[in-house]
Amino acid sequence: MRTLGALRGNLTFARFYVTGDIPDDIPGTTLKRIRANAFQPLSPDDDKSEGFGWANMEDPVDTDLDHEKVFYNEYVCLALRVDRWAIPGPLLKAHLRDAEQALLEKRGLEKLGRQAKADLKTMVVRKLRKQLVPSLKSYDMVWNLNSNIVHFFSQSEKVTSLFDDLFKKTFKLDLVPESPGTAAERVGLDARQAAAFAGLEPTTLARLEEG
């Protein structure tokens, strides 16, 4: 199990602003939806190889979420749990080879068609999954309800996309990545300041190598 986040591991995070029609009583209006989007264990017979959902930030194995595990004063604290079936390539290849040979002998054939190979692979993958445990990773999320700023402890584009989808589905609100532009917009610039900000140009601060 690998956890990345606020309570342990590297402090690598991205910041977002929460936008939309934000309810005054987040704990009272969202706990039911948080529980509805809690992580559900993968089944070896599922077609999908990956699953994700909310979990307890202090213990990602715990997905039975209640008020005390999610809300801390003005903070919403959750973990995005992502489980994935990861069958080693050589192991899958060896079992496929043995299964194909056994099926050829049973049916008295010299080779299998495309569909038969696909069906055989599905059967072998499901059989191997029953002998394995999915890999588990979790990524912490801390939402300050006073500032409506969210810290998400990953900068992976794929993981952040999963988090963004789950956050929108759960809270019916949008996340806007923090940037100089969004920060300036939230501060509230007057016309002169807005014009000056619009005229800014990017500057490279890295030292240039001498030739």
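Leaving aside neighbours within four places in sequence, which residues is Met141 in contact with? In this predicted model, local features need pLDDT of at least 70, side-chain atom pairs count only at pLDDT 80 or more, and totals for chains, interfaces and linings use all residues. Residues are numbered from 1 along each chain as its sequence is written, and side-chain values use heavy atoms, with hydrogens and water left out. With contact taken as heavy atoms within 4.5 Å, the list for Met141 runs to Trp54, Met57, Val76, Cys77, Leu78, Val150, His151, Phe152, Phe163 and Phe167.

Met141 also turns up in the largest nonpolar core (buried Ala, Val, Leu, Ile, Met, Phe, Trp, Tyr and Cys residues joined through side-chain atoms within 4.5 Å; buried means under 20% relative accessible area, with a 1.4 Å probe and protein chains only). This core has 28 residues, and Met141, Trp143, Phe163 and Phe167 touch the most other members. Helix H5 (157-171; helices are DSSP runs of H or I, at least four residues, and strands runs of E, at least two, numbered from the N terminus) is among the elements that each supply at least two residues. H5 gives the most, with 6 residues.

Then there are the aromatic rings. Rings of Phe, Tyr and Trp (its six-membered ring) pair if their centres lie within 6.5 Å; planes under 30 degrees apart count as stacked, over 60 as edge-to-face and the rest as tilted. The count comes to 10 aromatic pairs. Trp54 and Phe163 meet edge-to-face, 6.3 Å centre to centre with 80° between the planes. Trp54 sits in strand S3 and Phe163 in helix H5, 109 residues apart.

Technical notes
Buried means under 20% relative accessible area, exposed over 50%, partly exposed in between (1.4 Å probe, protein chains only).
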